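Q: Please take a close look at the salt bridges in this model. Where do the paired side chains lie, and how far are they buried or exposed?

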Amino acid sequence: MSRVLNKRMLLMLLGCLLLFGGIFAFKYIGLVMMNRAFDSMPLPPATVTSFTAEVQVWQETLTAVGTLRAVNGVEVTTEAQGIVSAIHFKSGQSVEKGALLAELAAEPEIAQLQVLEAELRLARRNHQRVKALHARGVTTEADLDATRSELEQVLANLEVQRATIDKRQITAPFSGVLGIRRIDLGQNVNPGEAVVSLQQLDPIYVDFFLPERHLAKVALDLPITLGTDAFPGKKFHGRITAIDPSVDAASRNFLLQGTLKNPQHRLRPGMFADVAVQIDARRKVLVVPRTALMFAPYGTAVFILRKSDIGDSIIARKRFVKTGEERGDLVEVVQGLRAGEVVASSGLLKLRNEGAVIIENENRPPADADPKPENS
């Protein structure tokens, strides 16, 4: 009996194995055939725009990072100690040179000035009296010299007192724009304490460094172009007005200073700036649009568009290139591309190597070395 059961169990297991094995084999063969069908199925052509690599003549420029600095910029301070009795300015106000900004209480100093003025009047009368007597031979030369010395001492003390009072009046050392007020009425200020900042904003300086290898290329009065994050797309123009005579021994860079007109006060001291120096040299460059480049960790590539060897279709072939300087929408290609070759300038994510493409240039991306957006 047990032999019969074991035989039946063995046959049942063998039958299940054959059944499920057949099912799995059928599924596997179906998946393999499906993958082969998908692999052999031609992909539809990708629609792209094109650009013909061309040679342009670019004026050579040197780029650097600069910092804007006021032609004159100071923290207006007081030379005296005292109580603020009057404030004659508002924060952010434009002032002229010599304008009175604030006053410190000066009652004791003014009173002392009046005392000295009284002493001056007395000293003058005494000197005139002795001088008249000396002319008649009544007094000696020593008496005349003594009164003259006393008069000169009073005059000197009077000038010192007037200067002391003048120091209690805070004035603008040059014309410019004031910052935020830092004093209040009734405040007791000490010598050297900041009252307000004063900046002369027109014109304005930009300081920047260049490597020493460019020292022979730059000269005074060369034009510069400046861009800032505060005004995207806006370019400011100026000229080099100073070149430092020494090269920094640590960085091997040398300092330059440019001057720019700033009538609307858009540029402010301390702002970061991208500076481009336009030197006289010109060179020929092979360019493609920035949108034609595919960047990857292993290199930069473009897709060359050419006719297929079979039929009249156009295919894309991936090629790695080496790029150089960038200007506006264009990028210089220094290796891997020849003038006249056509590259895809948009739709790169849809392309694959040796894949078919359709060129449609109705809405081609811009390709300008000096773009001028309408909202700039």
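A: Glu341 is buried, because its relative accessibility of 12% falls under the 20% limit. Its side chain forms a salt bridge with that of Arg338, at 3.2 Å from N to O. Arg338, by contrast, counts as exposed, with a relative accessibility of 55%. The model described here is a predicted one.

In general terms, side chains of opposite charge can pair when their charged atoms come close. The count of salt bridges in this model comes to eleven. Among them is the pair Glu326 and Arg290, whose side chains meet at 2.5 Å, N to O. Glu326 belongs to strand S17 (residues 314-327), whereas Arg290 sits in the loop between strand S14 (272-289) and strand S15 (294-296), so this salt bridge ties together parts that are 36 residues apart in sequence. Both partners are partly exposed: Glu326 has a relative accessibility of 42%, and Arg290 has one of 36%.

A further salt bridge joins the side chains of Glu325 and Arg327, with 2.9 Å from N to O. Arg327 counts as buried at 15% relative accessibility. Glu325 and Arg327 also belong to a network of salt bridges, in which they are linked with Arg283 and Glu332.

To conclude, the pairs may be set side by side. In the pair of Glu341 and Arg338, the glutamate is buried and the arginine is exposed. In the pair of Glu326 and Arg290, the glutamate is partly exposed, and the arginine is likewise partly exposed.

Definitions and conventions
Residues are numbered from 1 along each chain as its sequence is written. This is a predicted model: local features need pLDDT of at least 70, side-chain atom pairs count only at pLDDT 80 or more; totals for chains, interfaces and linings use all residues. Side-chain values use heavy atoms; hydrogens and water are left out. A salt bridge is a side-chain nitrogen of Lys or Arg within 4 Å of a carboxyl oxygen of Asp or Glu. Helices (H or I, at least four residues) and strands (E, at least two) are DSSP runs, numbered from the N terminus. Buried means under 20% relative accessible area, exposed over 50%, partly exposed in between (1.4 Å probe, protein chains only).
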